[in-house]
Amino acid sequence: PNQFMYAAVSVKDVDSALFNGVVKLDVSGVSGGGPAKEVGRIMFGFAKFGGEPVFVPRAGGSAEDDGYLMTFVHDDATEKTDFWIMDARKMSDEPLAR
């Protein structure tokens, strides 16, 4: 079983399917009846919306979360879309590359 899972975070109080971030959950206790625990969060920023993240393992990585999260992020203010590559271990709001 996996320890971590990643999911898109929905905009609160908005009746739409817009995702403004990514959450990292530790699901190691779920099989025993415990809750998933949030252990990281990346927010895309004001008026930026993305899709579901895809996890790609780092070549030669040793830990389960040693890899990258990738998704497209659209900026409503500039009307431009970038492909974001984020560190799945650090979960920093600043992407490694766009």
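Buried residues have under 20% relative accessible area, exposed residues over 50%, and partly exposed residues lie in between (1.4 Å probe, protein chains only). The model shown is predicted: local features need pLDDT of at least 70, side-chain atom pairs count only at pLDDT 80 or more, and totals for chains, interfaces and linings use all residues. Residues are numbered from 1 along each chain as its sequence is written, and side-chain values use heavy atoms, with hydrogens and water left out.

**View 1. Lys-24 and its surroundings in strand S2.** Strand S2 spans residues 19-26 and contains Lys-24; strands are DSSP runs (E, at least two residues), numbered from the N terminus. With a relative accessible area of 4%, Lys-24 is buried. Leaving aside residues up to four places away in sequence, Lys-24 is in contact with several residues, including Phe-4, Met-5, Tyr-6, Val-39 and Met-91; contact means heavy atoms within 4.5 Å.

**View 2. Polar partners of the Lys-24 side chain.** The side chains of Lys-24 and Asp-65 are joined by a polar contact of 2.6 Å. Such a contact is a pair of N or O atoms within 3.5 Å; within protein, one must be able to donate a hydrogen and the other to accept it, and residues adjacent in sequence count only if both atoms are side-chain atoms. A polar atom of the Lys-24 side chain also lies 3.1 Å from the backbone oxygen of Ala-88.

**View 3. The salt bridge between Asp-65 and Lys-24.** A salt bridge places a side-chain nitrogen of Lys or Arg within 4 Å of a carboxyl oxygen of Asp or Glu, and by this rule the count comes to six. In the bridge between Asp-65 and Lys-24, the closest N and O atoms are 2.6 Å apart. This pair links distant parts of the chain, 41 residues apart: Asp-65 belongs to the loop between strand S5 (54-57) and strand S6 (67-75), whereas Lys-24 belongs to strand S2. Asp-65 is buried, its relative accessible area being 7%.

**View 4. The salt bridge between Glu-38 and Arg-41.** The two side chains of Glu-38 and Arg-41 meet at 2.9 Å, N to O. Glu-38 is partly exposed, at 43% relative accessible area, and Arg-41 counts as partly exposed at 35%.

**View 5. The salt bridge between Glu-94 and Arg-98, and a network.** Glu-94 and Arg-98 form a salt bridge through their side chains (3.0 Å, N to O). Glu-94 is exposed, with a relative accessible area of 52%. Elsewhere, Lys-24, Asp-65 and Arg-89 are joined into one network by salt bridges that share partners.

Key:
Helix = DSSP H or I, 4+ residues; strand = E, 2+ residues; numbered from the N terminus.
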